[in-house]
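Below are some notes on the model, set out as numbered points. Please read them with the structure open.

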Amino acid sequence: MADLTGKRLLLIIGGGIAAYKVLELIRRLKERGVSVRVVMTAAAQHFITPLSVGALTNERVFTDLFDLNDEREIGHIRLSRQADLVVVAPATADLMAKMASGFCNDLASTALMATDKPVLIAPAMNPKMWDHPATRRNVKQLTADGIALIGPEAGEMAESGEAGIGRMAEPMAILAAIEEQLAPAEQPLKGRRAIVTSGPTHEPIDPVRYIANRSSGKQGQAIAAALAAAGADVTLVTGPVALPAPDGVTTIPVETAEEMLFHVEAALPVDIAVMAAAVADWRVAEAADKKLKKTGKTPPKLALAPNPDILATVAGHGNRPELVIGFAAETNDLVKNAKAKLAAKGCDWIIANDVSAKSGVAGGVMGSDSNRVHLVTAAGAGGDDAWPLLSKTEVAARLVARIADHFGDARPRRRDEAEAHPS
Ligand code: C5P
């Protein structure tokens, strides 16, 4: 259980049936040492009473904007600022609409306007209200205003039995979101810069045709997101993929290997390079600038030219990142072949993918959500590791944990030192 002693929370309870779940949330917060001050809207008091809330918080509960006693003792401005975090639960459609448009005609909405602290809301409403275009607009606006949301979840509504999205997140989920805000997880890669390549490349034959491969970009994007979550400043250079750009990452979409190399070199210097893209080995030497016609019987002959090796270029660069990581897809002699590739490319670590039928990844690794990999390292670079079958998100998390260990050493070793004095 996280110790949040000394942390102060302003909890605004809106008028929804889910208000009863907030009593449980208050108990859990108190167990963790949080001091909880509560504002209840007029509607909230139809569902639970200030008396029961006050009994749990051990503090008086605030309800009125124009209560002279409240204003003399504390005032809505101080109320909203003497907290480390403001939480709205349940956040009704009405309260969200007020927040999105800046209305403040009661204590709850005024405190929300006056606060200079982070705000987390736990929406709860009927699924039709959640889906309504007005609520959609308000959610977008609130997110753009920097307000964090937890839930709502899918499930049956307490009052109507209707199913759909709208049920307030469970108290323990809200608690986890509060803990994350009050005591954010460590960011071991804060201050480090990283570049990740991902996805396939498309090499044009003519303006409408191209050579490509089946890479989905899932593994590379998961790594970019995990590096960003660990605090790194991440640039993701991605070939064409059908995935939304990950949050908190600078994403540069490219088509060809040459464009990918250009943007990777432009992002240097960085501390960490993870080259997860399935770069096409060849491009069409001279792509036609007009669509090739089906004239005559003989199909056109495509002369191919080799593409630059982005991983090898980065590993041999004058501005070489401290840690250069590549991928290798192997069907046999996984470790032996990966070691050879590691030496040939000059990188520090290789994530060797087992793409054989025995890997256990149904339907093959490409496009799948899981991956079985072996981390192969250069001498002195931390030791090899065989990982079980994992989701691509878990592979990313493990890799980032290893990267954080590497940079967590008292003093990062340069590659030439590591080679001279293997540990
Ligand atoms: O040589 P191979 O394609 O097996 O090497 C795979 C590793 O090299 C991957 O990390 C991939 O991103 C990288 N690579 C590259 N540029 C290329 C070919 C591969 O960065 N042209």
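1. The ligand site comes first. The residues around the ligand are Met275, Ala276, Ala277, Val279, Pro308, Asp309, Ile310, Leu311, Gly326, Phe327, Lys341 and Lys345. Please keep in mind that this is a predicted model.

2. Polar contacts to the ligand involve both backbone and side-chain atoms of the protein. From the backbone, an N or O atom of Met275 lies 2.5 Å from a ligand oxygen atom, and a polar atom of Pro308 is 2.8 Å from a ligand nitrogen atom. From a side chain, an N or O atom of Lys345 is 2.9 Å from an oxygen atom of the ligand. The ligand taken alone exposes 440 Å², and the protein buries 83% of that area.

3. Strand 19 covers residues 373–377, and five of its five residues are buried, so the strand is largely enclosed by the rest of the structure. In a regular strand, side chains alternate between the two faces of the sheet. Here both faces are covered: Val373, Leu375 and Thr377 are buried on one side, and His374 and Val376 are buried on the other.

4. Which strands pair with strand 19? One is strand 17 (residues 349–354), which pairs with strand 19 in the antiparallel sense over five bridges. Within this pairing, Trp349 stands opposite Thr377. Another is strand 20 (residues 385–386), which runs antiparallel to strand 19 and is joined to it by two bridges. There, His374 has Ala386 as its bridge partner. Thr377 and His374, named in these two pairings, belong to opposite sides of strand 19, and both are buried.

5. Helix 2 spans residues 50–57, and its buried residues are Val53, Gly54 and Thr57. Why do these three count as one side of the helix? They cover an arc of only 95° around the axis, which puts them on the same side of helix 2. On the other side, Leu51 and Ala55 are exposed.

6. What covers the buried residues of helix 2? The cover includes strand 1 (8–13), helix 1 (19–31) and strand 2 (35–40). When checking this in the viewer, start from Val53, Gly54 and Thr57, the buried residues of the helix.

7. The end of helix 2 deserves a separate remark. Just after the helix, Asn58 takes a positive phi of about 65°.

8. To recap, helix 2 has buried residues on one side and exposed residues on the other, whereas strand 19 has both faces covered.

Key. Residues are numbered from 1 along each chain as its sequence is written. This is a predicted model: local features need pLDDT of at least 70, side-chain atom pairs count only at pLDDT 80 or more; totals for chains, interfaces and linings use all residues. Side-chain values use heavy atoms; hydrogens and water are left out. Buried means under 20% relative accessible area, exposed over 50%, partly exposed in between (1.4 Å probe, protein chains only). Helices (H or I, at least four residues) and strands (E, at least two) are DSSP runs, numbered from the N terminus. The arc is that of the directions from the helix axis to the C-beta atoms. Contact means heavy atoms within 4.5 Å. Two strands pair if DSSP finds at least two bridges between them. A residue is near a molecule or strand if one of its heavy atoms lies within 4 Å of it. A polar contact is a pair of N or O atoms within 3.5 Å; within protein, one must be able to donate a hydrogen and the other to accept it, and residues adjacent in sequence count only if both atoms are side-chain atoms. Accessible areas come from the Shrake-Rupley method with a 1.4 Å probe; for residues, only the protein chains shown count as cover.
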